[in-house]
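Student: I should like to take a close look at a single part of this model. Please begin with one residue and then place it in its surroundings.

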Amino acid sequence: MTLLQCEPGTATETVDVAAGSTIGFILDNTIYHQGPAAIYLGQAPSTAAEWDGSGANWFKIAEWGATFDPFTFIDYGASQLTATIPNDVPAGQYLARIEQIGLHVTGTPQWYISCAQISITGGGFANPSKVSISGYVSPNDPGLTVKHLRSCAHCLHCAWTRTFHRMRS
C-alpha cells in the first residue's frame with residue numbers, strides 16, 4: 001500500500017516552534033468521513049523543505065480514535081486538530097504530518113493528509129520508535145477493513161494505533 005508522502009518544496013517557509021508548544025491544522029471544511037486521525041513528526045535528514053518524508057523517521061504525537069457508546073470517531077465533525085509537541089523531542093527540522101483515514105468505502109481506506117515544515121527549538125534527547133510512511137500499515141489490517149462502522153468493536157485496536165508510540169525518555 002503506497003500512502004501519500006509530503007511533497008518537498010511546496011511550502012513557502014519553515015516555521016520555528018518551541019518544544020512543548022501546540023501545533024495544529026485548520027481544515028477548510030469539517031471532517032465528514034468516519035475514521036481515525038493522527039499527527040506525526042518526521043525528523044528531516046537535511047532540511048524540512050527538501051525532504052519528501054521517506055524513510056523510518058516518523059513518530060506519532062497525537063491520535064483520535066473511536067468511541068463506542070455511541071459508536072463514532074472522535075475527530076468526526078472537527079474543523080481543526082491540535083497537538084502538543086513533547087518537551088523531550090530533539091531540536092531540529094521536521095515535517096509535521098496530519099492524516100485522517102476515511103473508512104467510508106469498505107476495504108478501501110482513503111487517506112487525507114497535509115504537511116507543514118517546522119523547526120523545533122529547545123527540546124531534549126528522546127529517541128522514540130520510528131516507522132516509515134508508507135509501510136506502517138497493511139491493506140489487511142483489521143482497523144482498515146471495517147465492514148459496518150456502527151458495530152466495529154475491534155476498531156480501537158487498529159494497526160496504526162499499535163505501530164506508533166508516544167514520546168518517552
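Tutor: In this predicted model, Arg97 has a relative accessible area of 0%. The cut-off for a buried residue is under 20%, and Arg97 is therefore counted as buried. Arg97 belongs to strand E8, which spans residues 92–102. The side chain of Arg97 makes a polar contact with the side chain of Glu99, at 2.4 Å.

The sheet around this strand comes next. E8 is part of an open sheet of 6 strands, in the order E1-E9-E8-E3-E4-E10. The pairing within this sheet is mixed. In general, the strands of a sheet pair through backbone hydrogen bonds, in either a parallel or an antiparallel sense. At the edges stand E1 (15–18) and E10 (131–132); each has a single partner strand, so one side of each lacks a neighbour in the sheet. The pairing of E1 with E9 (residues 110–121) is parallel and runs over 4 bridges. Within that pairing, Ala18 has Thr121 of E9 as its bridge partner.

The nonpolar residues add a further layer to this picture. The largest nonpolar core comprises 22 residues, and those with the most contacts inside it are Ile23, Ile39, Leu41, Ile61, Ile85, Ile118 and Ile120. At least two residues of this core come from each of E2, E3, E4, E7, E8 and E9. The greatest contribution is that of E4, with 4 residues. Leu41 illustrates the packing: beyond residues up to four places away in sequence, Leu41 touches a set that includes Ile23, Phe59, Ile61, Ile85, Tyr94, Ile118 and Ile120. Another core, of 18 residues, lies apart from the largest one, and among its members are Ala38, Ala44, Trp58 and Leu95.

Two loop positions complete the account. Trp51 is situated in the loop between E3 and E4, and is buried at 5% relative accessibility. The side chain of Trp51 reaches the backbone oxygen of Ser54 at 3.1 Å. Trp51 and Gln93 are separated by 42 residues in sequence, while their C-alpha atoms are 9.9 Å apart in space. The other position is Pro70, in the loop between strand E5 (66–68) and strand E6 (71–73). Asp69 and Pro70 are joined by a cis peptide bond, with omega at about 5 degrees.

Key
Residues numbered from 1 in each chain as written. Predicted model: local features only at pLDDT ≥ 70, side-chain atom pairs only at ≥ 80, totals over all residues. Heavy atoms only, no water. Pairing = 2+ DSSP bridges. Core = buried A, V, L, I, M, F, W, Y, C linked by side-chain atoms within 4.5 Å. Buried < 20%, exposed > 50% of the residue type's maximum accessible area, 1.4 Å probe, protein only. Contact = heavy atoms within 4.5 Å. Polar contact = N/O pair within 3.5 Å; in protein donor to acceptor, adjacent residues only side chain to side chain.
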